Protein chains: 2
Amino acid sequence: MKLSENIQKCNLSPMRKFHPYAVEAEAAGKKIYHLNIGQPDIKTPEAYFQVLKGFEQPVLAYAPSPGLPVLVEALRGYYQKIGVEFEAGDIIVTTGGSEALQILMLCILDPGSEVLVPEPFYPNYNTMINLAGGTIHPIPTTPEEGYRYAVKEKIEGCINENTRAIMVTNPGNPTGVVLSREEMRVLADVAKEHGLYIIGDEVYREFVYGDGPLASMAQFEDVEENVVIIDSVSKRFSACGARVGALLSKNKGLMAQAMKMAQSRLSVATLDQTASAALYGCGPEYFGAVKEEYKKRRDTCYAMIQKIPGVVCAEPQGAFYMMAALPVDDAEKFQLWLLEEFEDNKETVMFAPGGGFYRTPGKGANEVRIAYVLKEEDLKRAMELLKKGIETYRREVMHV
Amino acid sequence: MKLSENIQKCNLSPMRKFHPYAVEAEAAGKKIYHLNIGQPDIKTPEAYFQVLKGFEQPVLAYAPSPGLPVLVEALRGYYQKIGVEFEAGDIIVTTGGSEALQILMLCILDPGSEVLVPEPFYPNYNTMINLAGGTIHPIPTTPEEGYRYAVKEKIEGCINENTRAIMVTNPGNPTGVVLSREEMRVLADVAKEHGLYIIGDEVYREFVYGDGPLASMAQFEDVEENVVIIDSVSKRFSACGARVGALLSKNKGLMAQAMKMAQSRLSVATLDQTASAALYGCGPEYFGAVKEEYKKRRDTCYAMIQKIPGVVCAEPQGAFYMMAALPVDDAEKFQLWLLEEFEDNKETVMFAPGGGFYRTPGKGANEVRIAYVLKEEDLKRAMELLKKGIETYRREVMHV
């Protein structure tokens with residue numbers, strides 16, 4: 001029996017690759033500080049669970065394919081507050097931001113199509129784009145330039161006749177880069193001039209540690225036909241397990257096609273949608289407190305990593321990740337060593353090796369993504385372990 | 001901006017096509033009996049809601065990509081009872097049976113691949129297969145032969161170098177056909193001889209109105225490399241809104257590929273998985289009562305439709321659908337007329353016109369799918385409306 005060529009081009013998740021070694025290390029009595037996955041430890045708002053406890057319908061029925069009206073309305077209200085007027089027909093509720101990406105890629109890519117994505121990027125983009133027959137054309141960046149990419153000439157240099165879209169995670173995963181208003185304008189202009197979709201994966205929108213209002217590509221009205229937004233409650237409300245996201249666009253032709261796929265998979269989980277709608281009742285005080293907590297963690301993490309000799313890392317301005325180049329020969333080898341050989345008081349640390357976030361072969365080999373999702377005391381200890389690990393590894397393995 | 005060729009080949013759901021006309025009819029004061037969608041009115045077992053009420057974890061976190069262990073174990077236990085030993089690695093929990101189908105098609109089809117599917121078929125297969133670049137090659141059937149298809153020569157006549165799989169819904173949607181043991185063996189033999197996947201979409205497994213044990217393609221051990229099972233809690237436990245299904249196969253190579261896609265979409269909703277695991281605690285008395293209820297409905301429905309002159313309909317033996325050829329010129333035209341022109345004491349009826357269940361142009365034009373998902377008194381009234389509707393339509397519209 002045959003397997004498809006597209007799936008064979010895909011890889012397992014680099015965030016989960018070292019899981020078996022972690023299990024072994026834990027079985028051997030080591031405590032591991034997990035900075036490898038973006039699973040926050042922030043409490044999910046109680047409103048979510050209250051809805052579940054109060055659910056009284058005797059039959060757990062299908063929801064409408066485009067989403068439960070109560071959640072669609074909650075999303076409309078949320079976007080109105082940031083100055084974007086979406087009609088109900090501009091929104092399809094999806095099973096996490098992940099399904100929004102899948103639907104979108106299958107609607108806009110043909111075999112051979114290319115999507116421009118700044119590199120390093122969220123590795124699951126690769127799978128979603130490959131399965132639609134397309135490939136990622138990376139927009140190159142460097143740790144020394146703080147992974148910034150929104151330069152007109154740089155992006156235009158990547159465009160060819162197969163280019164269908166520019167896709168950015170903003171705030172950035174894995175880099176923590178936050179686009180300025182001017183940089184977003186650059187992207188909008190390029191998309192407009194070249195007739196490309198501009199896809200804003202904005203699931204970390206609230207997690208920006210500077211001042212200023214919340215930003216969305218959807219705020220650029222002159223490119224509303226080009227703009228597609230990927231959204232989710234996962235990070236916004238620390239509700240990753242709800243699997244509730246959305247695909248949003250004012251491009252009616254695109255949304256009509258997306259609706260075919262939405263209908264074919266029937267609906268998104270009814271109770272999770274109902275409960276997610278209640279999350280949108282969380283006000284500025286909720287977001288303020290969560291942002292404050294992450295900002296503290298970012299500050300701690302960045303202050304500590306800067307003190308490790310040889311590390312290259314720009315201060316991340318958003319999301320809850322930072323990407324850093326380490327003074328090691330190979331981050332995967334180093335991670336394996338941390339799990340198998342290293343310990344400090346029976347403890348070690350895990351991050352996501354950088355290579356999996358790149359498409360260009362060899363790039364990211366000495367880089368890591370650090371998810372600062374742990375509470376501060378754990379984060380401090382984890383960074384201390386990283387520092388000690390690097391020192392020991394350089395001395396004992398690299399002999400430098 | 002371009003749209004993919006694959007999505008443009010897809011259609012909206014035929015089950016939902018007449019929804020706008022139904023809304024208008026209801027606004028005009030008509031009551032509609034809905035036999036058009038497979039949304040049962042059976043109560044979801046209380047165990048589901050009890051789990052939600054008792055959930056105490058403060059953070060609604062991602063579940064593991066292949067599924068929550070408690071649910072994977074529940075599925076293993078369920079299959080053991082019907083004589084099938086699945087290992088944990090043979091199971092990937094999915095967002096409904098729909099996601100299992102999507103993952104599978106993207107893993108096994110290349111552009112130009114064909115999947116043999118008995119016609120009429122569940123229309124969403126079309127979308128899932130088209131989006132993976134494939135097409136359905138229909139295995140023809142007729143209402144006069146009771147839509148049976150498991151004949152070796154008939155199936156082999158459809159195989160060519162592009163054929164990758166044979167896919168059957170058993171018990172059947174939309175036909176209610178249940179394969180005999182001998183017919184399943186025919187399918188297994190053809191798959192084995194021609195090196196094809198044999199996909200058993202068995203989400204209606206419990207709904208069989210004859211005697212005998214529950215059947216699964218997975219029970220044929222000599223073809224375990226070929227067999228893929230699509231499963232779901234939606235119909236089994238009247239929990240359509242849970243969106244919890246599974247992809248099951250002992251083909252390790254296939255499951256390794258499927259895992260890439262499972263990881264890329266992260267996980268299935270955590271609470272729905274936890275609650276679905278509890279559903280598997282329902283015992284024979286639950287299934288017995290539900291089956292009894294559906295059998296009564298089937299009997300009522302079939303007894304009444306047989307009495308309508310000119311209708312061709314074999315007694316359905318499973319699921320909760322029947323397909324019937326009506327003595328009308330065009331089932332879509334007739335459905336529209338039922339909504340817009342017809343009424344009996346301010347009431348009318350809806351079904352799913354048959355054309356959308358066929359790929360062969362023109363086939364199914366005078367057929368309808370009837371979902372007997374309403375309680376008996378409503379079902380009786382709905383069938384009475386169908387009878388009166390046919391009589392009036394023939395007299396006033398067809399002038400016969």
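In this predicted model, chain A drops onto chain B with an RMSD of 0.0 Å after a turn of 180° and a shift of 0.0 Å along the axis. The two copies are thus related as by a two-fold rotation axis. Within chain A, A:Lys53 has the C-alpha nearest that axis, at 2.4 Å.

As for how the copies meet, 99% of the interface residues of chain A are also interface residues in chain B, so it's the same surface on both copies. Chain A puts 70 residues into the contact, and chain B puts in 70 residues as well. On the chain A side, at least two residues apiece come from helices H1 (5-8), H3 (46-53), H5 (96-108), H6 (124-131), H9 (252-264) and H10 (270-279). H9(A) chips in the largest share, 8 residues. Sorted by class, this side of chain A holds 35 nonpolar, 22 polar and 13 charged residues.

Inside chain A, the domain assignment gives domain 1 (5-43 + 285-395) and domain 2 (46-279). Taken over C-alpha atoms, the centres of these two domains of chain A sit 25 Å apart. Their contact draws on 37 residues from domain 1 of chain A and 33 residues from domain 2 of chain A. On the domain 1 side, the elements of chain A giving two or more residues are H1, helix H11 (284-306), strand E9 (321-325) and strand E12 (367-371). Here H11(A) takes the largest share, with 5 residues. The class tally for the domain 1 side that touches domain 2 of chain A comes to 18 nonpolar, 10 polar and 9 charged residues.

Notes
Residues are numbered from 1 along each chain as its sequence is written. Chains are lettered from A and ligands numbered from 1 in the order in which they are written. This is a predicted model: local features need pLDDT of at least 70, side-chain atom pairs count only at pLDDT 80 or more; totals for chains, interfaces and linings use all residues. Two residues are in contact if their C-beta atoms, placed from the backbone, lie within 7 Å. Helices (H or I, at least four residues) and strands (E, at least two) are DSSP runs, numbered from the N terminus. Ala, Val, Leu, Ile, Met, Phe, Trp, Tyr, Cys and Pro count as nonpolar, Asp, Glu, Lys and Arg as charged, and the others, Gly among them, as polar. Copies are superposed by least squares on the C-alpha atoms of residues with pLDDT of at least 70 in both. Domain bounds come from an automatic or database domain assignment.
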